[in-house]
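Me: I would like to take a close look at a single part of this protein, with its surroundings explained step by step. Could you also tell me what there is to say about the cysteines?

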Amino acid sequence: MKELAVLYSGGTDSTCAVALMTPDFDRVHLLTYSRFGVFFADHAGVNVQKLKDKFGEGKFIHRVMNIDKLFKAVSYSRYIPALAAHGLFLLTTCGLCKLAMHIRTLVYCLDNNIGYVCDGANNNMDYASDQIREFIGELKALYRRFGVEYNSPVYEFAHPDDSGWFDKMGMGSLTGAGEEKKDSVVTTGEELFRMGIFPKKNMKGTAQDRRMQARCFQLVLANIFANWVYIPRYGLEKYKKGCVDLYKEKIGYFSGLIEEYSRKNKKSMLYKLI
Amino acid sequence: MKRMLGLLICFIGVLLPWRARVIFSELLGWIAQAMTGAYFLLAKFIIKSLSGSKAGVRL
């Protein structure tokens, strides 16, 4: 049986990733993660039902898993040396949280003999530490090391250009949003609309969108560091490099723990964190 | 000024243990949300008033 595990938030991007990948698999495991500070993780169930209606009830297994201990370990392991080496990059919570989710997903794959993983990562937020291309590359290498193939099917999809301030105030025509849109540029919302899963082409930022995925405010601290402190002085490329250097170090450390888990299972250190 | 304020917030954040950091971020998030909401409503009110006055006011 060909199985796929998906890091599933319930939002437009991860739902689109599932919709694109599902036809190639016999069973799809939708993994939603919750932890202290992430609210309404159960909202992801809204779009799980839509996916079941489209592709069949028996095709999906939806699990909500807590990653409190793992997230804490990823964020705070060897804290003082990490603080000395990476400074305020330790505040880039989104990347660290995403790394904790991927580690948990990899462990889930090893436990259930799943060979494929995907998520809804998208390249349209330049300063979002969890969506940096080089970080995705490092994650791919981590999965490959354990015989799992990871990809981000919606990474190159466009961002809706009618979700800005002017559009929310009913003045989208002033910005010319969407007027000269190329045919080849498709958003995840448009793809889901085309498949008949979503009722509208763009749900991002709407009240409906908020009711179908978890909410987390910890990106605020990360964004203050990125947009007020670091990027104005050193630039975006250096910021991305700083993030990736930190995550690479964390991946190296946790790769060793996953290896130990695959050998010792319940007697391993990682087992206590999951 | 913005950078100094940012640095101050970040230095506090980086020293906090994980649950306290989450609560601190949550607090910052709600402040940002309130400011964004106020800005949005104000801008909408100004635009509405301007479009209303365009039709009614005679100079």
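Reply:

**Cysteines, and then strand β2 of chain A**

Across all chains of this predicted model, a search of the whole structure finds zero disulfides. For A:Cys109 the distance tells us why, because its sulfur lies 10 Å from the closest cysteine sulfur, that of A:Cys118, which is too far for a bond. A:Cys109 is also buried, with a relative accessible area of 2%. A:Cys216 is likewise in no disulfide, and the nearest cysteine sulfur, in A:Cys97, is 6.4 Å away, whereas a disulfide calls for two cysteine sulfur atoms within 2.5 Å. A:Cys216 is partly exposed, with a relative accessible area of 30%.

The part to look at closely is strand β2 of chain A, which spans residues 27-34 and is mostly covered, since seven of its eight residues are buried. This strand has β1(A), residues 3-7, as a partner, and the two run parallel and are joined by five bridges. Another partner is β4(A), residues 60-66, which pairs with β2(A) in the parallel sense over seven bridges. A:Leu31 in β2(A) lets you follow both pairings, for it stands opposite A:Leu7, while its bridge partner in β4(A) is A:Arg63.

The path of the chain adds a further piece to the picture: β1(A), helix α1 of chain A (residues 12-21) and β2(A) make a right-handed β-α-β unit. As you trace the strands on your screen, it may help to remember that in a regular strand the side chains alternate between the two faces of the sheet.

Definitions and conventions
Residues are numbered from 1 along each chain as its sequence is written. Chains are lettered from A and ligands numbered from 1 in the order in which they are written. This is a predicted model: local features need pLDDT of at least 70, side-chain atom pairs count only at pLDDT 80 or more; totals for chains, interfaces and linings use all residues. Side-chain values use heavy atoms; hydrogens and water are left out. Buried means under 20% relative accessible area, exposed over 50%, partly exposed in between (1.4 Å probe, protein chains only). Helices (H or I, at least four residues) and strands (E, at least two) are DSSP runs, numbered from the N terminus. Two strands pair if DSSP finds at least two bridges between them. A crossover is right-handed if, with the strands pointing away from the viewer, the path from the first strand over the helix to the second runs clockwise.
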